[in-house]
Amino acid sequence: MPQQLVVTAIGADRTGLVSRLARLVTDCNCNIVDSRMAIFGNEFTFIMLLSGDAVAISRIEHLLPGLGYELDLLTMTKRTSANHTAEVSAHYVLEYTGKDKVGTLGAIATLLANHQIYIGALRTETLTDTDTKQLLNHCTMTVQLPQGAQLEVIKQEVSALLEQLQLTGSFEAQL
């Protein structure tokens, strides 16, 4: 039975890091089920979900720290199992933009959590308004509404919160 392992690597960004990490995965006879890579400041960040048999997973757990040391990366692993999500009635995209201020994401995430809405993907970035030179926060998240969710109530509450936080945005069904 395949096992799963989450692998995280963080370090100074430079060419060839993804190649070396992917080669280790292949050499250990694991498969990359899912992955994400981003650059934050000058830091490279890479997260992978791997699958493989017990020997393959143990091998990568054993070899990754050495490769991390060689590449000057902070690495971490955690065993996991397949994700079994609850029944979903709909997928939505919540997107907003507004003045960059503390607490915005927390307020929106709390509203979603209060309705048992699962955040499946999230991307935030700080932009500079070309006219005013003001810092703006832009966020896009993909969410999953549970069975029985009161869509109209949720839409109204999201709209009211966006207005209260002085954000422009949308909450639309994912196509």
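**Cores, a kinked helix and ring pairs**

F44 and F46 are both buried (under 20% relative accessible area, where exposed is over 50% and partly exposed in between, with a 1.4 Å probe and protein chains only). This is a predicted model, in which local features need pLDDT of at least 70, side-chain atom pairs count only at pLDDT 80 or more, and totals for chains, interfaces and linings use all residues. Residues are numbered from 1 along each chain as its sequence is written, and side-chain values use heavy atoms, with hydrogens and water left out.

**Nonpolar cores**

- The largest nonpolar core (buried Ala, Val, Leu, Ile, Met, Phe, Trp, Tyr and Cys residues joined through side-chain atoms within 4.5 Å) has 20 residues. The members that touch the most others are L21, C30, M48, L50, I60 and L73.
- Two or more residues come from each of β1 (3-12), α1 (17-27), β3 (43-52) and α2 (54-71); helices (H or I, at least four residues) and strands (E, at least two) are DSSP runs numbered from the N terminus. The biggest share, 6 residues, is given by α2.
- Leaving aside residues up to four places away in sequence, I60 is in contact (heavy atoms within 4.5 Å) with L5, L24, V25, C28, C30, L50 and P65.
- A second, separate core holds 18 residues, including L111, I117, M141 and L167.

**A walk along helix α2**

- At the start of α2, a side-chain oxygen of D53 comes to within 3.2 Å of the backbone nitrogen of V55.
- The buried residues here are A56, I57, I60, L64, L67, G68 and L71. An α-helix has 3.6 residues a turn, so residues three or four places apart point the same way.
- Those buried residues of α2 pack against β1, α1, β3 and β4 (73-80).
- A kink of about 30° (the angle between axes fitted to the seven residues ending there and the seven starting there) sits at L63, shortly before the proline P65.
- The end C-alpha atoms of α2 are 26 Å apart, which agrees with the 26 Å expected for its 18 residues (1.5 Å times one less than the number of residues).
- Just after α2, D72 has a positive phi of about 60°.

**Aromatic pairs**

- There are 2 aromatic pairs (Phe, Tyr or Trp rings, using the six-membered ring of Trp, with centres within 6.5 Å; planes under 30 degrees apart are stacked, over 60 edge-to-face and the rest tilted).
- F44 and F46 form a tilted pair, because their ring centres are 6.0 Å apart and their planes lie at 35°.
- Y92 and F171 are stacked, because their centres are 4.9 Å apart and their planes are at 20°.
- Y92 lies in strand β5 (residues 88-99) and F171 in strand β8 (residues 167-173), so this pair ties together parts 79 residues apart in sequence. Both Y92 and F171 are buried.

Technical notes: Polar contact = N/O pair within 3.5 Å; in protein donor to acceptor, adjacent residues only side chain to side chain.
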